Amino acid sequence: MSEDIITLLKENVIQGRKTQDDEGIDEELTGPGVVELTQSALDHDISPAVIIKQGLTAGMQVVGEKFSTREYFIPDMLASAEAVGAAMDILKPLLEASNVETKGKFAIVTVKGDIHDIGKNIVAILLKGAGYEVNDLGTDVPTEKIVEIVREYKPDYLGLSALLTTTMVAMGEVIEALKEKGLRDKVKVLIGGAAVSNEYAKEIGADAYCVDGFEAIRVLDACQEAKA
Amino acid sequence: MPREGILIDTPFERMTKEQVEKIHQASMEILSDPGLICFNQRAAEMFNSNGAQVTPVSPSDHPCWLVKIPEKLVLDALDNAPKTVKLGARNPHNSLIMKGEEPRVFFITGSETNIWLDVEFPTYIKKSDPDTEIMVPEFKPRRGTVADLCQSAHVCEHLETLDGYIRTVNIQDKDITEDNKDVNKFFASLNNTTKHVMSGLTSLSQLDNVVNMAKLIVGGEEELKANPIISFITCLVKSPLQFVDDTTETFIEICRRALPIVVSSSPQAGSTAPIKEAGIMAQINAEVLAGITLSQLVNNGTPVIYGSVPVRARMDTLGDSYGAVETSQYNIDCVQMARFYKLPNYSTSGVCDTKTPGTQASVERLFSDILITLSGPQYLHCAYGLLDCNSVFCLLQAVLDDAHFQMIRFFLRPPRINETEIAETLKQIREVAATPQKLYISYIRRVMRSGELSAPYPFEGDGEADNVFALAYQKMQQLLSKPVEHIDQATTSKIFREIPGILPRLNVYEEGR
């Protein structure tokens, strides 16, 4: 029974079915989705570690492979990541109670003056699906507020997003403000968005430029590995 | 079910109804004064015995007659000509039903070129950075062969946007003669595509051999009438206003056999037709109507297609300029004229002036392909693979053209706006508005897999690399490696026994080699 639930959970991650109401790729796959199956797994006393490793992560691995062979596209990847993110929300209290840490804490914002958030939202979904604890602070966020969040929430990573050449300068201001408050070495700063580049990241002293959400996962995973 | 082609809901037309009428009237005047010079005696006699004013022209190097065709004779022929023409195919699902009043479009190859363009990809090393290598396509022209024609028909069979096949290359092998060219070009085409095959005829002496070959393939005379897997194209009128002797003779014989035939005229605005639009339109229309009139005099009910290949002259060479904007205008005008007469049309697009695939080829082709398709021309000879006007065929270009036509086909899908779609959309908008991320991405997946989204350009390179030619070449090789449904062995044996002149190397079952 437990194996059946985990197998179904993995399959639903691959199909990107967050809940029982969602359509996957295979129309014949109906019934409970990732959210219901995660709850069902807990009801059957399956440990969060097994749920994550054999169900969620194993499913995402298949999704990643299908994406790399162009069988899957970004909407498929996002659907699966969103489903995994929803499962992680269910598991989070249990993980905290048993002192199991997530892969890392990630705060993400669109900087002051910029309200564009498509890219930021996609990055947030993908990172959550990849097992990171994501705190999405929204758009047009003042520098002071970002600094405040870094102080209080203590994220391992801070993602700054900007679409416009006129707003990207706020990224440098955030980094300077973090330095002023003695917080710069507490957090890795990643930048992304249409206006910025690797060169710009170096210029303002960011730790990395991520061209998209997949690059963000690669960068964060590499940092985690380096930590380990 | 025959091929559907694309029905153009609201065809693009340039001329007003009044302008169409004016062209028609001007053409009628041309046909009666000055009339046409006819170098074919049988045609002159037929016109004469049916009420045209026919007088010998003298002195002349060749016997010829001035034929003045009265309006009534033309109007009767237009009444009698079938308004629906079927072009059959070896695979009946590839048949084309062309209704003169309907703005539908089928995409077809053609025309016959002398030069076949091979492509190779030599590697070049950057002088300033020897570690950097790039592959640059190199195009090598050579004379076309029957093997090339087989290869071209093979690839065209697998190009999904292509609805029919006009032979693309003139076969110039050493063992091809005037007497065996027709049977070989028709056999090479028919044996490598199950789509409709249209061609011109090189020698009238081969007409019956070609027709008998088609009968053997479909099973007999009645079967060929029901499923005319072959049709012909003739330029019986040479511009300006002259019935050519041998082509007219061929035309008469094809009409007698009641096989579908295109009456095609190809005047050049500036040299063989007036430079202004009204002039070339009045003349080309008169020339095509003269041919159509003759077709019905020969055999009432001949399935005839209004063919138009007008072109503007280049000012630098007085050669053809298919890439000229006016050429597209003339073609669209001709589509309108054919529809005015309720006759199926053979139109032309995609022929470009440039000699090799590249930016100019794409610009010239897409310009005319899109615009003329939008006019709903029925049988659109859209020149897959054709370059340097009508001189060069490049298979790689044909594969590139298929990608263009996939885009054009997709664009012409009717709008999907109805009660169900609106209800579904409103539900989606309300659902997404209530989420923090406000993204519609989760709704893409089903649409993405249903075929409702257009595909990306198939030859897109990675990053800034332009790999279009290399990727198209890969696709071409893939298509060539796909099997083709050849004519079955028993029929092939019969054809080789009964039809003289077909080269033994074309027998895929290796009989008689």
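What share of the contacts in chain B with a separation of 6 or more is accounted for by residues 24 or more positions apart? In this predicted model, such residues account for 73% of those contacts. The count leaves aside pairs with a separation below 6, and the figure therefore describes chain B through residues set apart along its sequence, where two residues are in contact if their C-beta atoms lie within 7 Å.

The overall form of chain B may be considered next. Its secondary structure comprises 16 helices and 25 strands. Along the principal axes, the C-alpha atoms of the chain fill a box of roughly 85 × 60 × 55 Å. The radius of gyration of chain B is 25 Å, which agrees with a compact globule, because a globule of 513 residues would have a value near 24 Å. Within the chain, 48% of the 513 residues count as buried.

Attention now turns to the backbone of chain B, beginning with two peptide bonds that precede proline. The bond that joins Asp33(B) and Pro34(B) is cis, with omega about 20 degrees. Pro34(B) belongs to the loop that runs between helix H1 (17–32) and strand E2 (36–38) of chain B. A cis peptide bond also leads from Ser239(B) to Pro240(B), and its omega is near 0 degrees. Here the loop is the one between strand E15 (237–238) and strand E16 (242–243) of chain B, where Pro240(B) is placed.

Another backbone feature is a positive phi in a residue other than glycine. Lys342(B) is not a glycine, yet its phi is positive, at about 60 degrees. This residue lies in the loop between helix H10 (325–340) and strand E22 (345–348) of chain B. Is Lys342(B) buried or exposed? Lys342(B) is partly exposed, because 17 other C-beta atoms lie within 10 Å, and a residue in this class has a count between the limits of 12 or fewer for exposed and 20 or more for buried.

In chain A, Asp45(A) likewise has a positive phi, near 60 degrees, and is not a glycine. Its loop lies between helix H2 (34–43) and helix H3 (48–68) of chain A. Asp45(A) has 7 other C-beta atoms within 10 Å and is therefore exposed, as the limit for that class is 12 or fewer.

Finally, the two chains touch each other. Chain B contributes nine residues to the contact and chain A contributes 10 residues. On the side of chain B that touches chain A, four residues are nonpolar, two are polar and three are charged.

Notes
Residues are numbered from 1 along each chain as its sequence is written. Chains are lettered from A and ligands numbered from 1 in the order in which they are written. This is a predicted model: local features need pLDDT of at least 70, side-chain atom pairs count only at pLDDT 80 or more; totals for chains, interfaces and linings use all residues. Helices (H or I, at least four residues) and strands (E, at least two) are DSSP runs, numbered from the N terminus. The radius of gyration is taken over C-alpha atoms; the globule rule is 2.2 Å times the number of residues to the power 0.38. Ala, Val, Leu, Ile, Met, Phe, Trp, Tyr, Cys and Pro count as nonpolar, Asp, Glu, Lys and Arg as charged, and the others, Gly among them, as polar.
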